[in-house]
Amino acid sequence: MTAQFPEPSPRPVPPGGIRASHDDREAVVERLRDAAAEGRIDFDELDSRLELALTAKTHGDLDALTADLPTPHFSSAAAPAFAAGSRPPLVLKGGLHGASRGPGRWEVPEHVIAHGGLGGVKLDFTRVECRLAEIVVEAYGETSGVTVVIPDGWVADTSGIDPGFGGLTDKSTSGRLPGTPLIRLTGAGGVGGVVVRHPNKRERRKLDVS
């Protein structure tokens with residue numbers, strides 16, 4: 001009778017050798033963009049590190065790209081408070097290919113968080129029906145920017161935005177119609193910037209024919 005021996009168990013993988021996911025890479029990409037916006041690394045070095053981050057295979061590869069950057073910290077006191085029973089924030093990440101919400105009808109929460117990423121984010125409120133008094137749009141332009149399109153008669157408060165390198169472009173008007181929400185913009189322009197505007201000519205033509 002042949003003796004049975006237990007199969008050898010696989011060797012444990014060191015933490016740095018664990019395979020990186022798309023989300024892991026994107027988190028490092030965002031951290032590198034923030035570091036560039038803060039002046040910690042220059043744009044040539046940012047481009048080099050971004051290329052390495054997007055092709056990283058393991059956590060160790062990613063850790064090496066942020067080893068000389070401070071650990072990010074978040075203050076719970078800085079987080080906006082929302083009433084019990086309100087909808088959770090809508091989070092949009094531009095990632096590699098961009099992200100958008102609208103111009104069709106969609107349910108608007110009290111809080112929207114938009115990360116421009118490498119592909120950019122567009123938020124279009126032109127066809128929504130909204131009874132909220134205020135909508136907080138937390139916009140981080142990062143590399144490719146965030147664009148917020150609001151209907152005529154809506155206004156935006158942009159005093160909470162840090163323009164960053166990409167800047168803030170506010171093309172909205174100041175005439176607020178009764179019963180419309182205030183768009184309260186917070187966040188940072190990053191490299192790509194943040195734009196808030198009303199529909200352009202092409203978008204208005206689409207609204208007219210629909």
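**Two cores, a pocket and a few odd spots**

In this predicted model, the largest nonpolar core has 25 residues, and the members that touch the most others are Phe125, Ile135, Val137, Val148 and Ile183. Strands feed this core: two or more residues each come from strand 1 (90-93), strand 3 (111-115), strand 4 (121-124), strand 5 (134-140), strand 6 (146-149), strand 7 (155-162), strand 9 (182-188) and strand 10 (194-197). Strand 5 gives the largest share, with 3 residues. Val148 shows what the packing looks like from the inside. Setting aside neighbours within four places in sequence, Val148 is in contact with Leu123, Phe125, Val137, Leu185, Val195, Val196 and Arg197. Another core lies apart from the largest one; this second set has 14 residues, including Val29, Leu46, Ala56 and Leu65.

Stepping back to the whole chain, there are 4 helices and 10 strands. Read from the N terminus, the order is α-α-α-β-β-β-β-β-β-β-β-β-β-α, that is, three helices, then the ten strands, then one last helix. Of the 210 residues, 38% are buried. Among contacts between residues at least 6 apart in sequence, 70% join residues at least 24 apart.

Two arginines in the helices deserve a look. Arg49 lies in helix 2 (residues 43-54), and with a relative accessible area of 9% this arginine is buried, because the cut-off for buried is under 20%. A polar atom of the Arg49 side chain sits 2.7 Å from the backbone oxygen of Leu65, and Leu65 is itself listed among the members of the 14-residue core. Leaving out residues up to four places away in sequence, Arg49 touches Leu32, Ile41, Leu65, Asp68 and Leu69.

Arg25, in turn, is found in helix 1. Its relative accessible area is 15%, so Arg25 also counts as buried. Beyond residues up to four places away in sequence, Arg25 touches Ala20, Ala53, Leu54, Ala56 and Leu62; of these, Ala56 is named as part of the 14-residue core. Arg25 and His59 are 34 residues apart in sequence, yet their C-alpha atoms are 8.9 Å apart in space.

Arg25 turns up again in the lining of the second largest pocket. This pocket holds about 240 Å³ of space. Alongside Arg25, the lining is made up of His22, Asp23, Glu26, Ala27, Glu30, Leu54, Lys93, Gly95 and Leu96. Helix 1 (residues 22-37) supplies the largest share, 6 residues. By type, the lining divides into 5 charged, 3 nonpolar and 2 polar residues. Leu54, one of the residues that Arg25 touches, is in the lining too.

Two loops carry backbone details to check by eye. In the loop between strand 2 (99-101) and strand 3 lies Pro103, and the peptide bond leading from Gly102 to Pro103 is cis, with omega near 15 degrees. Further along, Glu142 lies in the loop between strand 5 and strand 6. Its phi is near 50 degrees, a positive value in a residue other than glycine. Glu142 counts as buried, because its relative accessibility is 4%. The strands on either side of that loop, strand 5 and strand 6, are both among the elements that give two or more residues to the largest core.

How values were computed
Residues are numbered from 1 along each chain as its sequence is written. This is a predicted model: local features need pLDDT of at least 70, side-chain atom pairs count only at pLDDT 80 or more; totals for chains, interfaces and linings use all residues. Side-chain values use heavy atoms; hydrogens and water are left out. A nonpolar core is a set of buried Ala, Val, Leu, Ile, Met, Phe, Trp, Tyr and Cys residues joined through side-chain atoms within 4.5 Å. Buried means under 20% relative accessible area, exposed over 50%, partly exposed in between (1.4 Å probe, protein chains only). Contact means heavy atoms within 4.5 Å. On a 1 Å grid over the protein atoms alone, a cavity is a set of points where a 1.4 Å probe fits but cannot get out, and a pocket is an open set with protein on both sides within 12 Å along at least five of seven lines; lining residues have an atom within 4 Å of a point. Grid points are joined across faces, edges and corners, and a volume is the space filled by probe spheres set on the points. Ala, Val, Leu, Ile, Met, Phe, Trp, Tyr, Cys and Pro count as nonpolar, Asp, Glu, Lys and Arg as charged, and the others, Gly among them, as polar. A polar contact is a pair of N or O atoms within 3.5 Å; within protein, one must be able to donate a hydrogen and the other to accept it, and residues adjacent in sequence count only if both atoms are side-chain atoms.
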